[in-house]
Amino acid sequence: MPRTLPHLRWRWLQALAACFMAVVMLGADSGPGATGTEARFNRMGHNMICMCGCGQILLECNHVGCPVSPKMINELQTQIGSGLPQEGVFNWFVAKYGAVVLASPSRGGFDRVAWIMPLSVTLMATLGTGLLVRLWTRRRGPQMAALGPHVPGTLEHSSVRDRIRRETEY
C-alpha cells in the first residue's frame, strides 16, 4: 500500500519531535535544588564502580554493610572539594584502585580499544555467520535440483507415504 505524502510528513514530524525530546532530556539536571557540585558528584559517582567486589556503580551500591562504599564516597567528595577537574579525580582513583574503578572509558588509547573490541568482534562474527549461512543456502538450491526423484514431495515419496498411511490405519 503506497504511503501518501501527508502521512510521510506526519511520520517525519513524529521522528523529529522524538529526537528533540531526547536532546532536551539529555540536559536534565540531577533534580530540584541540585547545585553544580552535587550534580558533578552524582555524575562522577555514577561513572565509578564500588571496589567491595559487588560490581555495582559506586553511588548505587546496595551491598549491606559495605565497608568500601562509604569510604570511596568520602574520598570522592574530598577530591571534588579540592577543586580537581574531573579527569584529575578519575586519575586519582585509578592510581589508588586501578583502572577497574572506572565504569566507562574516560581515557583514550588502549582503554577505548578494550571497551570497543568485544562489541566489534561480536558484530563481525554475527555478520560472518549470516554471510556463511546465505552462501550455504544459495549453493544448496542447484544441488537439490540435481538429485531428481529422491527429493521429498516427488511422486516416489508420495507413493511411499500412501502405503505407510494404509498400513498404519486402524
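These legends walk through several close-up views of one predicted protein model.

Because the model is predicted, local features need pLDDT of at least 70 and side-chain atom pairs count only at pLDDT 80 or more, while totals for chains, interfaces and linings use all residues. Residues are numbered from 1 along each chain as its sequence is written, and side-chain values use heavy atoms, with hydrogens and water left out.

**View 1. The whole protein has 6 helices and 0 strands.**
Follow the chain along its sequence and you meet the pattern α-α-α-α-α-α. Helices (H or I, at least four residues) and strands (E, at least two) are DSSP runs, numbered from the N terminus. Of the 170 residues, 15% count as buried; here buried means under 20% relative accessible area, exposed means over 50%, and partly exposed lies in between (1.4 Å probe, protein chains only). The protein exposes about 13000 Å², and carbon and sulfur atoms supply 65% of that area. Such areas come from the Shrake-Rupley method with a 1.4 Å probe, and for residues only the protein chains shown count as cover. Among contacts with a separation of 6 or more, 34% are between residues 24 or more positions apart; a contact means heavy atoms within 4.5 Å.

**View 2. A nonpolar patch lies on the surface.**
Phe-20, Met-21, Val-24 and Met-25 make this patch of about 430 Å². To join a patch, a residue needs over 30% relative accessible area and no salt bridge; like charges are joined within 9 Å, and nonpolar side chains (Val, Leu, Ile, Met, Phe, Trp, Tyr) within 5 Å. Look for Met-21 in helix H1 (residues 5-26). With a relative accessible area of 46%, Met-21 is partly exposed.

**View 3. Helix H2 packs against two other helices.**
In helix H2 (residues 36-45), the buried residues are Ala-39, Arg-40, Phe-41, Met-44 and Gly-45. These buried residues pack against helix H3 (69-81) and helix H4 (86-97).

**View 4. The largest nonpolar core holds 17 residues.**
A nonpolar core is a set of buried Ala, Val, Leu, Ile, Met, Phe, Trp, Tyr and Cys residues joined through side-chain atoms within 4.5 Å. Met-44, Met-48, Leu-58, Met-72, Leu-76, Phe-93 and Val-101 touch the most other members. H2, H3 and H4 each supply at least two residues of this core, and the largest share, 5 residues, comes from H4. Now find Val-101: leaving out residues up to four places away in sequence, Val-101 touches Asn-47, Met-48, Ile-49, Met-51, Met-72, Phe-93 and Val-94.

**View 5. Glu-75 and Lys-96 form a salt bridge.**
A salt bridge is a side-chain nitrogen of Lys or Arg within 4 Å of a carboxyl oxygen of Asp or Glu, and by this rule the count comes to 3. For Lys-96 and Glu-75, the closest N and O atoms are 2.5 Å apart. This pair links distant parts of the chain, with Lys-96 in helix H4 and Glu-75 in helix H3, 21 residues apart. Lys-96 is partly exposed at 42% relative accessible area, whereas Glu-75 counts as buried at 13%. The side chains of Glu-75 and Tyr-97 are also joined by a polar contact of 2.7 Å. A polar contact is a pair of N or O atoms within 3.5 Å; within protein, one must be able to donate a hydrogen and the other to accept it, and residues adjacent in sequence count only if both atoms are side-chain atoms. Beyond its neighbours within four places in sequence, Glu-75 is in contact with Trp-92, Phe-93, Lys-96 and Tyr-97.

**View 6. Helix H6 carries salt bridges one turn apart.**
Arg-165 and Asp-162 meet through their side chains at 3.6 Å, N to O. These two residues are separated by about one helical turn because they sit 3 residues apart in helix H6 (residues 155-168). Glu-167 and Arg-163 meet in another salt bridge at 3.2 Å, N to O, and lie 4 residues apart in H6. An α-helix has 3.6 residues a turn, so residues three or four places apart point the same way. Glu-167 counts as exposed at 58% relative accessibility, and Arg-163 as partly exposed at 47%.

**View 7. Ala-103 sits in the loop between H4 and helix H5 (110-146).**
The C-alpha atoms of Ala-103 and Gln-56 are separated by 9.0 Å, although the residues are 47 apart along the chain. Not counting residues up to four places away in sequence, Ala-103 touches His-46, Asn-47, Met-48, Ile-49, Ile-57 and Trp-115.
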